[in-house]
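Welcome, and please open your viewer. We will walk through this model one selection at a time, so keep your mouse ready.

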Amino acid sequence: MADRSNRGGEGSDKIVKTELFWKLLHKQIAPKNSVDRKRINYTLAEIDSVLQAVVEVLGKDETLLTMSPPIVIVGDIHGQYYDLIRMFNTFGETNKDGSASVSGVTNGRYLFLGDYVDRGTNSLECIMMVFTLKILFPRHYGLLRGNHECRAINKVYGFYDELVDRYGQDDADALWHSFNNAFAMLPLAAMIGKKILCMHGGISPELHSLEDIRAIKRPLEDPASYPTTLAVDLLWADPMIGLSGWVPNHVRGVSCYFGEDRVEAICKQLGLELIVRAHQMMQNGYHFFCNRKLITIFTAPRYFVEKNNKGATLKVDKSGKLSIKILLPTTEDKRGENVFRRELDQTYSDDSGYQVFVPPLPPANPRPSKAASKRQSQGHHG
């Protein structure tokens, strides 16, 4: 009898929590809270409930997620909550009068490549939104870790300061630690349909098989503490035009650059058709590399105000066909009624965002010997 009543109590508690998460989802997508970059007033109890639940859900995922198409792949968000909602809205279904009938939030399958926080003004809204969706729809939402889901980065680039501004120093410290405990549970890569490998950063010289990724244990507090560079490279590595092999990434000060030959080799070795990654701003929201064997997806429009970049998402249909949607930037004067359109900014058509390999200069010619100088002066050039 005692066991039965306990099970009933646990079931009732689960129902109450599920209702809480549904209410929280409706609160987050309410029009008054998803426009004009407003901040949502989350209670500490709401945040704590989400973090406890999402850690449990993420713990059921492998370090290498497996997801099936059709699916939408989303790149960096960086605290741009208004643009995250705009993105979801374009994947919903509408009635004949233009009103929404099915929200994009509940309509389809999504894989996020990380970097939910920092830079933008609404990091808390972004991470709470994707965590809530992961709790409610665990099989329809895949959440990968980005390099900004690491303590050393989000302490400096905005997330921590946003928590302090909203909750005060003491509560912010506790929240920041709790969020990073959840980040340590995020998977590092995903396979889509057995042919598409996805991660936030890039490939690694330590990646020899998919089992290498699966073998990484979580929670992983500090990716740099892993015995090889694989975890760090999956979060940080970048492609480089004109490079062969691997070179240290001196621009970021961590991980490496990889050339087209390394993409070709890993695709052949792992039986891949495509590698999808994020991590770098692209003027048009996306850019291919290595004869379309790799693509970078960046979903935060107007990330660089001076360049007014677009955002993009990548959709993979059941057959594996790819389609790209462009998210136009908005300004105070233009809200972007036509949110998505298939248009490239030709002004920046050559601005891929990738670094270009510059070969090192050859060593300077040594000073000629006295004998050589004498021969040159005598006209002997043989």
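Start by selecting arginine 302, which sits in the loop that runs between strand 14 (294-297) and strand 15 (311-316). The model you are looking at is a predicted one. Is arginine 302 buried, partly exposed or exposed? With a relative accessible area of 32%, arginine 302 falls in the partly exposed class, because that class covers the values between 20% and 50%.

Now add methionine 281 to the selection. Along the sequence, 21 residues separate methionine 281 from arginine 302, and their C-alpha atoms are 9.8 Å apart in space.

**The largest pocket**

Methionine 281 is a good way into the next stop. The largest pocket holds about 550 Å³ of space. Its lining has 27 residues, and those closest to the pocket centre are Arg119, Arg252, His279, Gln280 and Met281. Select these five and you have the middle of the pocket marked. By class, the lining of this pocket splits into 11 nonpolar, 9 polar and 7 charged residues.

Stay with histidine 279 for a moment. Look for it in the loop between strand 12 (274-277) and strand 13 (286-289). Its phi angle is near 80°, which is a positive value in a residue other than glycine. Histidine 279 counts as buried because its relative accessible area is 7%, under the cut-off of 20%.

For a contrast, move on to arginine 292, in the loop between strand 13 and strand 14. Here too phi is positive in a residue other than glycine, this time near 70°. Is arginine 292 buried or exposed? Its relative accessibility is 57%, so arginine 292 counts as exposed, the cut-off being over 50%.

**A cavity and helix 3**

Next, look for enclosed space. How many cavities of 30 Å³ or more does a search of the whole structure find? The search finds 1, and the volume of the largest cavity is about 50 Å³. To see its walls, select Val74, Asp76, Ile77, Gln80, Asp83, Leu84, Met87, Thr299, Ala300 and Pro301. This lining is made up of 6 nonpolar, 2 polar and 2 charged residues.

Which helix gives the largest share of that lining? Helix 3 (residues 81-90) does, with 3 residues. Select the whole of helix 3 and you will find it mostly covered, with 8 of its 10 residues buried. Those buried residues are Tyr81, Tyr82, Asp83, Leu84, Ile85, Arg86, Met87 and Phe88.

**Into the nonpolar cores**

Phe88 of helix 3 leads to the next stop. Setting aside neighbours within four places in sequence, phenylalanine 88 makes contact with Gly104, Val105, Tyr110, Phe112, Met129, Leu133 and Tyr141. Phe88 also belongs to the largest nonpolar core, a group of 50 residues. The members that touch the most others are Phe88, Phe112, Ile127, Phe131 and Phe179. Helix 4 (residues 123-136) supplies the largest share of this core, 10 residues. A second core, separate from this one, has 34 residues, among them Ala189, Leu197, Leu230 and Leu294. In soluble globular proteins, nonpolar side chains tend to be buried together.

**Two cis peptide bonds**

Zoom in on the backbone now. The bond from proline 69 to proline 70 is cis, with omega near 0°. You will find proline 70 in the loop between strand 1 (64-67) and strand 2 (71-74). Another cis peptide bond links arginine 218 to proline 219, where omega is about 5°. Proline 219 belongs to the loop between helix 8 (210-214) and helix 9 (230-236).

**An annotated stretch**

Select residues 144-149 next. An unreviewed UniProt entry places the feature "domain: Serine/threonine specific protein phosphatases" there. This span is 0% helix and 0% strand, and its end C-alpha atoms lie 9 Å apart.

**Stepping back**

Finally, clear the selection and show the whole chain. It has 11 helices and 17 strands, and 49% of its 382 residues are buried. Of the contacts in the chain with a separation of 6 or more, 69% are between residues 24 or more positions apart.

Conventions. Residues are numbered from 1 along each chain as its sequence is written. Side-chain values use heavy atoms; hydrogens and water are left out. On a 1 Å grid over the protein atoms alone, a cavity is a set of points where a 1.4 Å probe fits but cannot get out, and a pocket is an open set with protein on both sides within 12 Å along at least five of seven lines; lining residues have an atom within 4 Å of a point. Grid points are joined across faces, edges and corners, and a volume is the space filled by probe spheres set on the points. Ala, Val, Leu, Ile, Met, Phe, Trp, Tyr, Cys and Pro count as nonpolar, Asp, Glu, Lys and Arg as charged, and the others, Gly among them, as polar. A nonpolar core is a set of buried Ala, Val, Leu, Ile, Met, Phe, Trp, Tyr and Cys residues joined through side-chain atoms within 4.5 Å. Buried means under 20% relative accessible area, exposed over 50%, partly exposed in between (1.4 Å probe, protein chains only). Helices (H or I, at least four residues) and strands (E, at least two) are DSSP runs, numbered from the N terminus. Contact means heavy atoms within 4.5 Å. UniProt positions are given in the numbering used here, feature names are shortened, and annotations may be inferred rather than shown by experiment.
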